[in-house]
Amino acid sequence: MLASSGASGAVGAGCVAEARGDRAGDRVLSGSVPHCPPAAVQYAAVEAFTEQSYVECDVQVAGFARARALVLENQGRLGWTDAAPADGAFYFWAKPGEAMLARCGTSTAYCEALLERARVALTPGADVDTAHGEQYVRLSFAAG
């Protein structure tokens, strides 16, 4: 623990003391790299933006677009309803058909069954929406 005069105060290059802990006055040392990458990292990132990297990015975006089109063309065949518009996003948010939900009970159980039987991974909606998520699933068009 590190004592500091304020709730959050500078401690050194790349570090911040944050007010956390069970006792008053406790401070935890935390790196600031996630908040502000060092200058050297920023310069390296700029150098990574080459003409070839833009070409590779365009190839990836085209792949996402093909996957998105395939899912949208087959949404009815999949039996999914109440889909959110997937205008350029690489996620598809929809409700599995009533029969699928009735058979599995929740989107979490549906996703588990789909992964086990078909080796297709979806995110249960409850991971994203705590109010109505157990009725929805999220599919990513991004290849991993």
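In strand 6, Val137 is the bridge partner of Pro124. Strands here are DSSP runs of E with at least two residues, helices are runs of H or I with at least four, and both are numbered from the N terminus. The model is predicted: local features need pLDDT of at least 70, side-chain atom pairs count only at pLDDT 80 or more, and totals for chains, interfaces and linings use all residues. Residues are numbered from 1 along each chain as its sequence is written, and side-chain values use heavy atoms, with hydrogens and water left out.

**Sheet**

Strand 5 and strand 6 run antiparallel and are joined by 2 bridges. Two strands pair if DSSP finds at least two bridges between them. An open sheet of 3 strands results, in the order 4-6-5, with antiparallel pairing. Its edge strands, strand 4 (91-94) and strand 5 (123-124), each pair on one side only.

**Chain**

The protein chain holds 5 helices and 6 strands. From the N terminus, the elements run β-β-β-α-α-α-β-α-α-β-β. Of its 144 residues, 22% count as buried. Buried means under 20% relative accessible area, exposed over 50%, and partly exposed in between, with a 1.4 Å probe and protein chains only. The protein chain exposes about 10000 Å², and carbon and sulfur atoms supply 57% of it.

**Pocket**

The largest pocket has a volume of about 230 Å³. Among its 13 lining residues, Val71, Leu78, Trp80, Val120 and Leu139 are the closest to its centre. A pocket is an open set of points on a 1 Å grid over the protein atoms alone, where a 1.4 Å probe fits, with protein on both sides within 12 Å along at least five of seven lines; lining residues have an atom within 4 Å of a point. Helix 2 (51-73), helix 5 (107-118) and strand 6 (137-140) each supply at least two residues of the lining. By class, the lining has 11 nonpolar, 2 polar and no charged residues. Ala, Val, Leu, Ile, Met, Phe, Trp, Tyr, Cys and Pro count as nonpolar, Asp, Glu, Lys and Arg as charged, and the others, Gly among them, as polar.

**Positive phi**

Two loop residues other than glycine have a positive phi.

| Residue | Phi | Loop |
|---|---|---|
| Asp82 | near 50 degrees | between helix 3 (75-78) and strand 4 |
| Arg119 | near 60 degrees | between helix 5 and strand 5 |

Arg119 counts as exposed because its relative accessibility is 70%.

Note on methods
Points joined across faces, edges and corners; volume = space filled by probe spheres on them. Areas by Shrake-Rupley, 256 points an atom, 1.4 Å probe, with all protein chains shown as cover.
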